[in-house]
Amino acid sequence: MADRDAAEAYLEGYAQILAGACATGRRLTRNELATLRAQGERAAEAGLGLRFLVRAHLSAAQDVRASLRGASADHLLAAVEQAVDAFAEGHERAQRLAIRQQEAARREFIDDLLHGRSDAGRLAERAERFGLLLSHAHAVAVARGTEPYEDGYAVTRGIEASLAARFANRRILLTTKNGRLICIAPGDEADVLGFFAEQAYAATDGGQVAIGRPHPGVGGVVHSYEEALNALDLAARLPLEAPVLHAADLLVYPVLTRDRQAMADLVRSVLGPLQQARGGAQPLIDTLDAYFHTRCVAAEAARRLSLSARAMTYRLERIRRLTGADPGDPGDRYTLQTAVVGARLLDWPDQPL
């Protein structure tokens with residue numbers, strides 16, 4: 001009975017419109033259609049479902065049918081079709097507007113959250129609407145693929161569905177930013193971000209995922225997000241090829257670059273002589289990088305660089321002669337490897353030091 005009473009508020013004048021149209025066999029007027037659309041909009045704003053309202057309209061039409069005779073009754077179906085169509089149009093228009101407003105509010109919240117904007121208290125209040133309790137620690141995972149991704153894309157929807165099916169009762173927020181997929185989860189639930197990383201790596205056709213460390217409070221999300229972004233940036237510059245990167249495992253790199261001038265001096269003094277080689281320093285830096293990444297196994301490094309064993313041996317000897325440091329010596333190896341990492345981070349020799 002309560003539902004019928006709720007529907008009645010949005011059927012006002014409907015019976016009179018039908019009766020008037022059937023009396024002369026005319027189509028509904030522009031004003032009548034506008035009235036029905038407006039009622040549909042108000043019903044949507046009140047949260048009433050369209051199917052329930054359509055049934056109410058059909059039921060009311062049955063009451064009108066009982067009072068009609070002959071040609072007037074024959075015209076009822078056409079009038080009902082016009083009326084319900086106009087009402088549904090208004091209802092759907094209001095629904096679309098509400099969805100757009102919700103999407104805009106969600107996007108504004110995501111931007112404020114990831115950039116640390118807005119008052120902390122207000123941000124925490126808004127976060128609860130999206131399932132986050134910012135009084136707790138959170139960690140952020142960021143995935144990039146071969147193409148940019150946005151909310152509503154098939155990849156995004158698929159990962160969101162997988163997370164919902166696996167962690168239905170967890171406080172998780174999946175979104176996108178600048179073409180990357182982002183997952184925010186409680187800091188003590190590493191399994192959530194691990195699962196997200198697996199799903200994102202598979203769905204993005206071999207992309208790369210970085211996971212920031214857990215941090216407490218409103219600013220903790222920003223901190224973890226920036227750590228994940230920095231990890232992806234490091235992976236591109238060094239390069240690091242692992243599908244999943246943990247910011248906690250990469251803390252040595254920010255330490256190395258904290259004193260940029262000291263690192264630049266190290267690169268210049270240790271690797272600068274390589275510029276005298278035919279072809280410049282870059283091929284020999286690549287040689288050292290492959291050598292160190294294969295745990296100083298020359299044959300494996302040669303395969304990685306598509307070189308013969310003889311060419312690899314020649315390059316290593318050339319490096320030793322130019323720099324005075326032996327890549328095979330443990331003491332020299334540390335200095336050379338640190339300098340190679342510095343060259344990658346400073347984009348040398350492409351960029352001047």
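Which helix holds arginine 126? Arginine 126 is found in helix H7, which covers residues 120–129. The model is predicted.

## Overall shape

The chain has 16 helices and five strands. Its radius of gyration is 33 Å, whereas a compact globule of 353 residues would have one near 20 Å. The C-alpha trace spans about 110 × 45 × 35 Å along the principal axes of the chain.

Of the 353 residues, 42% are buried. Among contacts with a separation of 6 or more, 69% join residues 24 or more positions apart.

## Surface and charge

The chain exposes about 19,000 Å². Carbon and sulfur atoms supply 49% of that area.

There are 42 positive and 45 negative charges in the chain. The mean positions of these two sets are 4 Å apart.

## Arginine 126 in helix H7

Is arginine 126 buried or exposed? Arginine 126 has a relative accessible area of 9%. Buried means under 20%, so arginine 126 counts as buried.

Which residues does arginine 126 touch, leaving out those up to four places away in sequence? They are Glu108, Phe109, Asp112 and Ser118.

## Valine 84 in helix H6

Helix H6 runs over residues 76–115 and includes valine 84. The relative accessible area of valine 84 is 15%. With the cut-off for buried at under 20%, valine 84 is therefore buried too.

Valine 84 touches Tyr14, Val54 and His57, again not counting residues up to four places away in sequence. Leucine 36 is 48 residues from valine 84 in sequence. In space, the two are 8.0 Å apart, C-alpha to C-alpha.

## Strand E2

Strand E2 covers residues 173–177. Why is E2 largely enclosed by the rest of the structure? Five of its five residues are buried, so the rest of the structure largely encloses the strand.

In a regular strand the side chains alternate between the two faces of the sheet. In E2, Leu173, Thr175 and Lys177 lie on one side. Leu174 and Thr176 lie on the other. Residues on both sides are buried, so both faces of E2 are covered.

## The E2–E3 hairpin

Strand E3 takes in residues 180–186. E2 and E3 pair in the antiparallel sense over five bridges. Leucine 173 stands opposite isoleucine 184 in E3. Leucine 174 has cysteine 183 of E3 as its bridge partner.

How many residues lie between E2 and E3 in the hairpin? There are two residues between the strands. Asparagine 178 sits in the turn and has a positive phi of about 55 degrees.

## E3 and its pairing with E1

E3 is mostly covered. Six of its seven residues are buried.

E3 also pairs with strand E1, residues 138–144. Six bridges join E1 to E3, and the two strands run antiparallel. One pair in this set is alanine 139 with its bridge partner in E3, alanine 185. E3 thus appears in two pairings: five bridges link E3 to E2, and six link E3 to E1.

Definitions and conventions
Residues numbered from 1 in each chain as written. Predicted model: local features only at pLDDT ≥ 70, side-chain atom pairs only at ≥ 80, totals over all residues. Heavy atoms only, no water. Helix = DSSP H or I, 4+ residues; strand = E, 2+ residues; numbered from the N terminus. Rg over C-alpha atoms; globule rule 2.2 N^0.38 Å. Buried < 20%, exposed > 50% of the residue type's maximum accessible area, 1.4 Å probe, protein only. Contact = heavy atoms within 4.5 Å. Areas by Shrake-Rupley, 256 points an atom, 1.4 Å probe, with all protein chains shown as cover. Lys, Arg positive; Asp, Glu negative; His and termini not counted. Charge placed at Lys NZ, Arg CZ, Asp CG, Glu CD. Pairing = 2+ DSSP bridges.
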